[in-house]
Amino acid sequence: MVGTENYESGTFIVAVEGVQYRVPAHCPHRGGRMDHGVFNERSRTITCPLHKSTFRVDTGCQLAGPECGRLATERVDSDTEPAPNI
Ligand code: FES
C-alpha cells in the first residue's frame, strides 16, 4: 500500500518533496486498486497494479498503459487538510 488512505472519500494521500496529493483509490481504466500500485517519488508517478497504467501524481496525466484518460489527482492544501493518522 502507498500513502495514507481515506476510506470515506475513496482516496489516499502521497507526498512528493513535501507536497501532498490526493489520489483516487481506483484506476480509471478498470478500477484497479491504485493504493496497491507502485509509487515512484522520483518520477512523480504511480502505476496501477492491474494493467500497468502509469500516471503523474502532480498532474494526473497518463504516461503509459491502456488508454483511459486522466487520473483525478489533486494537490492537497496543507493549511486546510488535517494531518493523516499514521
Ligand atoms: S485497471 Fe488500472 S490499468 Fe487497468
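**Note on a predicted all-strand model**

1. An open sheet of four strands, arranged in the order E4-E5-E6-E7 with antiparallel pairing, is a convenient place to begin reading this structure, which is a predicted model. Strand E4 (38-40) and strand E7 (62-64) stand at the edges of the sheet, and because each has a single partner strand, one side of each is left without a neighbour there. Direction ignored, neighbouring strands of this sheet are turned by 25 degrees against each other on average.

2. Within that sheet, strand E5 (residues 45-47) and strand E6 (residues 54-56) run antiparallel and are joined by three bridges. One residue to look at here is Ile-46, whose bridge partner in E6 is Phe-55. As general background, strands of a sheet pair through backbone hydrogen bonds, either parallel or antiparallel.

3. Turning to the protein chain as a whole, there are zero helices and eight strands, so that the order of elements from the N terminus on reads β-β-β-β-β-β-β-β. Of its 86 residues, 24% count as buried. Among the contacts with a separation of 6 or more, 31% are between residues 24 or more positions apart.

4. The largest nonpolar core has twelve residues, namely Phe-12, Val-14, Tyr-21, Val-23, Cys-27, Met-34, Phe-39, Ile-46, Cys-48, Phe-55, Val-57 and Leu-71. The elements that contribute two or more residues to this core are strand E2 (11-16) and strand E3 (19-24). In soluble globular proteins, nonpolar side chains tend to be buried together.

5. Ile-46 deserves a second look, since besides pairing with Phe-55 in E6 this residue belongs to the largest nonpolar core. When neighbours within four places in sequence are left aside, Ile-46 is in contact with Val-23, Met-34, Gly-37, Val-38, Phe-39, Phe-55 and Val-57. Of these, Val-23, Met-34, Phe-39, Phe-55 and Val-57 are also listed in the core.

6. Is Pro-24, a residue of strand E3, buried or partly exposed? Pro-24 has 19 C-beta neighbours inside 10 Å, whereas a buried residue needs 20 or more, and therefore Pro-24 counts as partly exposed. Not counting residues up to four places away in sequence, Pro-24 touches Gly-10, Thr-11, Met-34, Leu-71 and Ala-72; two of these, Met-34 and Leu-71, are members of the largest nonpolar core. Pro-24 and Asp-35, which are eleven residues apart in sequence, lie 8.2 Å apart in space from C-alpha to C-alpha.

Definitions and conventions: Residues are numbered from 1 along each chain as its sequence is written. This is a predicted model: local features need pLDDT of at least 70, side-chain atom pairs count only at pLDDT 80 or more; totals for chains, interfaces and linings use all residues. A nonpolar core is a set of buried Ala, Val, Leu, Ile, Met, Phe, Trp, Tyr and Cys residues joined through C-beta atoms within 7 Å. Two residues are in contact if their C-beta atoms, placed from the backbone, lie within 7 Å. Two strands pair if DSSP finds at least two bridges between them. Axes are lines fitted to C-alpha atoms, for helices over the stretch in contact, and angles run from 0 to 180 degrees between N-to-C directions.
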